[in-house]
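Dear colleague,

I am handing over the structure we spoke about, and my notes on it follow below. Please keep it open beside you while you read.

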Amino acid sequence: MGRNYSSLEELRRKKKLLKEEINDLEGLLTFKNTKESLSAFTNGLTDQYLKEKIDENGEEKTVIRKDVIAKQITSEVKDLILSKNTAMGIAGSALKGNAMDTVVKLAVTAFVANYAKKNMKSSNWKKKILGAALIYIAPVALKFVRTKLEAYQKSKSVSSMEQLI
């Protein structure tokens, strides 16, 4: 059932590696490095929107990169305006929703992450459980809501196109 080790030294090395892995996972779950934790939970979605900054007290803070968000929004608006057929461009943009979708994802991720971080740092065990539940349940719930909203948006776009025709 268990793995047989050929030496005690091999077992100690394995134990040390497991302890390091557990410490790394604890660091992610307790948001010791906010940017790294958000990156792990969002599979890298937030990497381009966040940067670490040292404030006047010498503490490291994670801040939102507004310039990147503004560039994405302006490029989406420019592409929308420059599209050949404006009515079809608006309908296609409504179906894709890239710029606003990204901004909404980022805002929701930041809100949930900050709330979970506050709860995880709390001394109350109920709040810690709530923070951990948010980390694991919120992405599933948000994905479900997003699929429902996309289906609704698609049906509305199709019905508006039918009315246009």
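The notes below go from the overall fold to a pocket, then to charged pairs and the surface.

Please bear in mind throughout that this is a predicted model, and that the values below were computed from it.

The protein chain contains 6 helices and 2 strands, and from the N terminus on these elements follow one another in the order α-α-β-β-α-α-α-α. Of the 165 residues in the protein chain, 18% are buried.

The second largest pocket holds about 180 Å³ of space. Which elements each supply at least two residues of its lining? They are helix H2, covering residues 34–41, strand S2, covering 60–64, and helix H5, covering 98–121. S2 gives the most, with 5 residues. The lining includes Glu 60, Lys 61, Thr 62, Val 63 and Ile 64, and among the other lining residues are Thr 34, Leu 38, Leu 50, Ala 110, Ala 113, Asn 114 and Lys 117. By character, the lining of this pocket divides into 6 nonpolar, 3 polar and 3 charged residues.

Two of the elements around this pocket deserve a further word. In H2, the buried residues are Thr 34, Ser 37, Leu 38 and Ser 39, and Thr 34 and Leu 38 also appear in the lining of the second largest pocket. Just after H2, Asn 43 takes a positive phi of about 55 degrees. In helix H5 you will find Ala 116, which counts as buried because its relative accessibility is 1%, where the cut-off for buried is under 20%. The C-alpha atom of Ala 116 is separated by 9.6 Å from that of Ile 129, a residue 13 residues apart from Ala 116 along the chain.

Turning to the charged pairs, how many salt bridges does a search of the whole structure find? The search finds 2. Side chains of opposite charge can pair when their charged atoms come close.

One salt bridge joins Asp 67 and Arg 65, with the closest N and O atoms 3.8 Å apart. Asp 67 is partly exposed, with a relative accessible area of 42%, and Arg 65 is also classed as partly exposed, at 29% relative accessibility.

The other salt bridge is formed by the side chains of Glu 150 and Arg 146, at 3.3 Å from N to O. Both residues belong to helix H6, which covers residues 125–164, and they sit 4 residues apart, or about one turn of the helix. An α-helix has 3.6 residues a turn, so residues three or four places apart point the same way. Glu 150 is partly exposed, with a relative accessible area of 38%, and Arg 146 is likewise partly exposed, with a value of 35%.

Finally, there is a nonpolar surface patch of about 260 Å², made by Tyr 5, Leu 8 and Leu 11. Leu 8 has its place in helix H1, which covers residues 8–29. Is Leu 8 buried or exposed? Leu 8 counts as exposed because its relative accessible area is 51%, and the cut-off for exposed is over 50%.

With best regards

Methods:
Residues numbered from 1 in each chain as written. Predicted model: local features only at pLDDT ≥ 70, side-chain atom pairs only at ≥ 80, totals over all residues. Heavy atoms only, no water. 1 Å grid on protein atoms, 1.4 Å probe; cavity = no way out; pocket = protein on both sides within 12 Å on 5 of 7 lines; lining within 4 Å. Points joined across faces, edges and corners; volume = space filled by probe spheres on them. Nonpolar A, V, L, I, M, F, W, Y, C, P; charged D, E, K, R; others polar. Buried < 20%, exposed > 50% of the residue type's maximum accessible area, 1.4 Å probe, protein only. Patch = residues over 30% accessible without salt bridge, like charges linked within 9 Å, V, L, I, M, F, W, Y side chains within 5 Å. Areas by Shrake-Rupley, 256 points an atom, 1.4 Å probe, with all protein chains shown as cover. Salt bridge = Lys/Arg side-chain N within 4 Å of Asp/Glu carboxyl O.
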